Structure formats: structure tokens, C-alpha cells
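Let's take a walk through this one, a helix at a time. Have the model open and follow along.

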Amino acid sequence: MGRLVGKAQYRDILLGVGLLWATLALVLWPEQAMEAMRDGIKLCGNVILPSLFPFFVLSSLVVELGMSRYLGRLLEPVMAPLFYVNGNCAAALALGFVGGYPVGARTAIQIYENGQCSRTEAERMLAFCNNSGPAFILGVVGAGVFGNGMAGLLLYLTHLLASLCVGVLFRFYKPGDRPQTRRARAAQFQASSFPKAMISSVTGSLQSTLNICAFILFFTVCLRILAYAGILRTLGRVLSLLLAPLGMSQTWAERLLTGLVEVSSGVSSLTDGSLSGRLSMAAFMLGWAGVSVHCQVLAFLGDSGLSVKTYVAGKLLHGGISALLTNLLFRLFPFSSPASVYLAEQAQAISQLDFDKALTLSAVSAWAMWLIFLALTVYAVQKNSGKDRPNVV
């Protein structure tokens, strides 16, 4: 039987059964699917579009105009010893810390496609530069889900620290591939003119943002249907049995499964239970980022040839290290949280954030980052022009 039906046939059979089940689920629960779509559209319109689009435009301009190349000369003494990458990759790291998923990953891919770093350097950066933004962790997770600003601050600090730890660990990934030299990078890269860079940045950023919204809508509907069909509960029961030695209950297993698929839904479910357990699981979810975010990154990877395994391994490490650091720091600096009633009322803050406020915060942050990059670029150009000036005898 195994000879008659190969792996490809098994895969096609499973995919066919899955598609038939999905079609049947939409017929059985049309109202729930439509409600999930409405929630997803509200999330995209109120949060995703105003928060990601300005940073996508900013990251594209930084790469296309060659600002990352000038910054590379300035920051290479830091990036090379710590992460074994050239200084151009600093743009992906900085924007990934501020812009949120998946700005850092998209910037790293753009830097690689523009010839400003090698394939190995790009894979090292992908392992740790795709991070959650401060607005999501401090605002939605800290103030919204946990009702405590200190919880958001703790999660953001451990998130950043874990990301840097993963970067240091991945400096040993393919140690024989050394960072590109300045001469090699200059030969491969040609900066675009401002009108061309502006047009391509705006149009490309809008397309990238819409792609992200499409994945968010898809996984929002999938999770809602899985919950109504009872499949999520069944999978949670199986996972709780597998993780029984760790003391994980079915409720926590269902939360973990939700967070593995979609990070915002998973974090929003952490409204009761022990504070240390909720913080540790939230840290893991934020570090892992969820299958939804990974699909967004895979859409950017396309035919670049960069390793997906390296990226996934980095996110797993990020989640695990974040959870460990959060648990350790919570034991060292314990704090209390408000009543669970308040937490439940605030859990939906991510989908109810005012559009004007989200757009204003995102635009101000993007312009601030742009000014910082511009100032550093001017400083780097002046510094290098002074060094390159020939001595007159």
C-alpha cells in the first residue's frame, strides 16, 4: 500500500480533506465566520494599517537611498563583534525593535536583495530582528491585557534582551562565512534616486501591508471556526496530556495553541490564572510571534533563497529565552495586578484602538526614526569624508 500511495499522494489527500472540511465549516457556521472577518477587518483598519505602513515606507527609503550603507560604516564596530554581520544590518535591528512584526524581517530581506549583505548575514539577522513593537507590548499587552504598565515594561525588556541573546548565539551560524567587506558591498549596491525610491517604497509598502492584513483575516477566521467546531479544545486536551509532566492544564494548552497560531489572540486569552504563568506564556508568545507572522515573513522571502529553518529556529529560541528571563525577573522583582474583571474588559483593546491615535503615534515614531537615521548618516558621511581626504604635501 505504501508503494501505491506515495508521500505526495498522502499530502494531496490530507489537503483535500482539509479543504472540504473548511468549506463545510463555512456552511455550518457562516455567522461566526462573518463576525470573525469583521473583527479582523477592524483590527487591520484600526491597528495594522496605521502602525505598519509608515515604518514600511521608512525602511524601504533607508535601504533604497543607501542610508543603511553610510550607517554601516559607523555601526560596524558594534555589529560585527556582537552578531558577526556588517554594519548595514543595523537598520533591520533598529527598525525591528521600533516598528514591530514584520518590519525588521522585511528590512533584512531588502538589505540582502540590494546587495548590502551576504546570504549568511541576512539569515543571521532574520533569526532575531523580527520583533514586536513597543506600542503593542506596552499598550495592548501591558496596559490592556495585564492592566499593569510594569508588566508591559517587563515583557518589553525581556523581549529585547532575548532578541539580542539570540543574535549573539547566531553569530556562530556558519562561522566560516565572514561579514562582507566595504569594498564588496560598494561593488554590489547602487543607491536609487529619491523619486524612484519614493515611488517604489510607497507602492511596495502598501502591497506588503495588504498582504499582512490578508494573513490576519485568514487566521482570525480559522481560529474562530476551530473554536466553534471543538477542534481547538480537542487539540488542547491532547497537548495537555503530552505536557502533563510540566503541569499544564487543558485551559493553558488551548491558550498556548492559540498563541502559536496568532499572537494577539493568544495573548488576549491570558486574563486569569497565576500572574507569573501568564507573564511567562505571554513572553513566549511574543518571542515566537505566531504562524500568522511567520506566513507574512515567508511572503517576503519569496524566491530570495534565504533559509526558513534558520528563521523558525531563531523564533523558537526567542520565545524560550523570553519566557525564562521573564520568569526569573518576576521572581526577583514581584508585583501585583488588578482584578481579573478589569483585565477581561481591557482584553479587546487591540481591536478597539482609535484609528487617529494609532496613525499619529505610528507617524511620529516613523518620523523620529527617520530623523535619527538622517542625523547618523550625515555624521557618518562627514566622518568618512574627513578620513578619505588626501594629505597635501
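Start on the outward side of helix α11, where Leu-241 and Leu-242 are exposed (over 50% relative accessible area, 1.4 Å probe, protein chains only). Before going on, note that this is a predicted model: local features need pLDDT of at least 70, side-chain atom pairs count only at pLDDT 80 or more, and totals for chains, interfaces and linings use all residues. Residues are numbered from 1 along each chain as its sequence is written, and side-chain values use heavy atoms, leaving out hydrogens and water.

Now flip α11 over. Leu-232, Gly-236, Leu-239 and Ser-240 are its buried residues (under 20% relative accessible area). They sit on the same side of α11 because they cover an arc of only 100 degrees around the axis, going by the directions from the helix axis to the C-beta atoms. An α-helix has 3.6 residues a turn, so residues three or four places apart point the same way. What do the buried residues of α11 pack against? Their partners are α10 (194–229) and α12 (250–261), with contact meaning heavy atoms within 4.5 Å.

Next, hop to the loop between α15 (291–301) and α16 (308–332), where you'll find Ser-307. Ser-307 is buried, at 18% relative accessible area. Leaving aside residues up to four places away in sequence, Ser-307 touches Glu-123 and Tyr-173.

Finally, look inside. The largest nonpolar core (buried Ala, Val, Leu, Ile, Met, Phe, Trp, Tyr and Cys residues joined through side-chain atoms within 4.5 Å) has 81 residues. Met-125, Phe-146, Leu-155 and Leu-286 have the most contacts inside that core. A second, separate core of six residues includes Ala-25, Trp-29, Ala-36 and Ile-225.

Terms used:
Helices (H or I, at least four residues) and strands (E, at least two) are DSSP runs, numbered from the N terminus.
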